[in-house]
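Hi,

Here is the structure I promised to pass on. Have a look at it first, and then read on for what turned up when I went through it.

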Amino acid sequence: MSRVYNFSAGPAVLPEEVLKEAAAEMLDYRGTGMSVMEMSHRSKAFEEIIKTAEADLRELMNIPDNYKVLFLQGGASQQFAMIPMNLMKNGVADYIITGQWAKKAYQEACKYGKANKIASSEDKTFSYIPDCSDLPISENADYVYICENNTIYGTKYKTLPNTKGKTLVADVSSCFLSEPVDVTKYGVIYGGVQKNIGPAGVVIVIIREDLITEDVLPGTPTMLQYKTHADNNSLYNTPPAYGIYICGKVFKWLKKMGGLSAMKELNEKKAAILYDYLDQSRLFKGTVVKEDRSLMNVPFVTGDKELDEKFVKEAKAAGLENLKGHRTVGGMRASIYNAMPIEGVQKLVEFMKKFEEENL
């Protein structure tokens with residue numbers, strides 16, 4: 001069985017050389033005589049793995065010293081609660097709703113304080129990013145929350161919101177490490193790794209140190225306090241050790257590829273191949289306004305549900321996997337994360353052209 005082109009939104013495609021390296025080390029990690037999967041998280045070997053992973057991530061993202069990097073569990077969804085529990089000092093937060101995940105985060109925050117919806121693109125099925133240059137930011141808001149790249153709907157903030165001096169919190173799960181980022185513009189930047197960095201089970205939180213305090217909402221569990229993990233270098237309890245090890249390998253791969261500027265260039269090239277075709281196709285059309293298109297997730301439709309199903313089925317037979325759109329949107333979606341080779345996108349467009357000829 002040869003490898004397919006995997007367009008899954010997550011868990012998603014990983015770099016082949018990372019998988020081969022992990023396979024080669026599966027039974028014996030660097031002479032330890034054991035797999036990383038079996039290794040104590042308190043061992044010298046694992047300490048080296050997690051420290052190197054953090055150092056490489058700091059280098060890739062140019063993370064300033066006054067930010068902590070935490071490798072946690074519970075996925076991005078657990079952060080929906082952890083953020084208000086730790087940051088809602090005044091009990092107020094502003095949310096910009098640009099998709100399902102921002103909406104879920106907002107709904108969760110409502111349990112802990114006053115969460116305000118200050119902008120939304122729900123009126124047009126989240127097919128655009130609202131103008132965030134002059135929003136009604138609450139005077140006593142503890143933070144302003146966004147989901148920066150919307151996996152389901154294929155939109156991406158090209159300009160960060162004007163938070164009028166308030167702390168910006170961003171879920172970057174599906175655009176993590178896809179392009180350079182100025183960490184200083186955020187109070188918290190976090191994401192589940194299963195889209196662009198590693199296997200499911202790890203969430204990385206990059207948080208400014210002044211936001212890590214003991215002053216959390218009453219009843220916040222020990223495990224859900226940032227301070228617990230920051231004070232223990234992500235080793236308060238057994239971390240998702242094997243997942244962190246794979247993330248570390250992906251960081252090394254990204255450095256070898258030339259870092260985040262090189263990735264952005266490659267991602268723009270890949271996305272252009274698909275978007276350029278969609279813009280001139282007579283059968284397929286993209287669902288997002290041009291200026292807000294994501295480089296990572298590209299939703300498209302034929303306008304005919306049965307034809308969409310036929311396309312997904314025939315694409316699968318051609319070795320193009322996981323192109324079915326999210327159940328809330330239908331149609332198709334190609335997730336073309338960092339590890340998707342340019343040939344994968346070219347093959348997809350070739351297949352779409354052939355399908356268009358046969359079905360028009």
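Let me start with a small sheet. Strands β12 and β14 (residues 332-335) run antiparallel and are joined by 4 bridges. One thing to keep in mind throughout: this is a predicted model, so what follows is computed from predicted coordinates.

Two of the bridges between these strands are easy to find on screen. Phe300 has Met332 as its bridge partner in β14, and Val298 has Ala334 as its partner in that strand. On the other side, β12 pairs with strand β11 (residues 285-286), again in the antiparallel sense, this time over 2 bridges. Phe300 turns up here too, as the β12 bridge partner of Gly286. Put together, you get an open sheet of 3 strands in the order β11-β12-β14, with antiparallel pairing. The edges are β11 and β14, each of which pairs on one side only.

How many of the residues of β12 are buried? The count is 5 of the 5 in residues 297-301, so the strand is largely enclosed by the rest of the structure. That goes for both of its faces: Asn297, Pro299 and Val301 are buried on one side, and Val298 and Phe300 are buried on the other.

Next, the cores. As you know, nonpolar side chains in soluble globular proteins tend to be buried together. Here the largest nonpolar core has 87 residues, and the members that touch the most others are Met61, Ile204, Ile206, Phe251, Phe284 and Phe311. Helix α6 (residues 241-256) gives the most to this core, contributing 10 residues. There is also a second, separate core of 32 residues, with Tyr95, Ala115, Tyr143 and Ile212 among them.

Two members of the big core are worth clicking on. Met61 sits in helix α2 (residues 44-61). Its relative accessibility is 3%, so Met61 counts as buried, the cut-off being under 20%. Leaving out residues up to four places away in sequence, Met61 touches Phe176, Leu177, Val181, Val183, Ile189, Ile206 and Leu260. One of these contacts, Phe176, is 115 residues from Met61 along the chain, with 9.9 Å between the two C-alpha atoms. With the same sequence neighbours left out, Ile206 touches Met61, Ile63, Tyr67, Lys68, Val69, Phe176, Val183, Gly187, Val188 and Ile189.

A loop residue also caught my eye. Which residues does Ser121 touch, not counting residues up to four places away in sequence? They are Ile97, Thr98, Phe126, Ser127, Tyr128 and Pro130. Ser121 lies in the loop between β4 (114-120) and β5 (144-147), and at 0% relative accessibility it counts as buried.

Now for the empty space. The largest pocket holds about 400 Å³. It is lined by 25 residues, and those closest to its centre are Glu148, Lys156, Tyr157, Glu179 and Pro180. By class, that lining splits into 13 nonpolar, 3 polar and 9 charged residues.

The second largest pocket comes to about 310 Å³. Its lining has 19 residues, with Val13, Glu16, Ala339, Met340 and Pro341 nearest the centre. If you want to place it by secondary structure, β1 (5-6), α1 (16-24), α7 (259-280) and α9 (342-359) each supply at least two lining residues. The classes here are 12 nonpolar, 2 polar and 5 charged.

What about closed space? The structure holds 1 cavity of 30 Å³ or more, and the volume of the largest cavity is about 30 Å³. Pro15, Asn196, Val250, Trp253, Leu254, Asn338 and Ala339 line it. Of these, 5 are nonpolar, 2 are polar and none is charged. Ala339 is a name you have met already, in the list of residues nearest the centre of the second largest pocket.

If you only have a few minutes, I'd begin with β12 and its two neighbours in the sheet, then go on to Met61 and its contacts, and finish with the largest pocket.

Cheers

Note on methods: Residues numbered from 1 in each chain as written. Predicted model: local features only at pLDDT ≥ 70, side-chain atom pairs only at ≥ 80, totals over all residues. Heavy atoms only, no water. 1 Å grid on protein atoms, 1.4 Å probe; cavity = no way out; pocket = protein on both sides within 12 Å on 5 of 7 lines; lining within 4 Å. Points joined across faces, edges and corners; volume = space filled by probe spheres on them. Nonpolar A, V, L, I, M, F, W, Y, C, P; charged D, E, K, R; others polar. Core = buried A, V, L, I, M, F, W, Y, C linked by side-chain atoms within 4.5 Å. Buried < 20%, exposed > 50% of the residue type's maximum accessible area, 1.4 Å probe, protein only. Contact = heavy atoms within 4.5 Å. Pairing = 2+ DSSP bridges.
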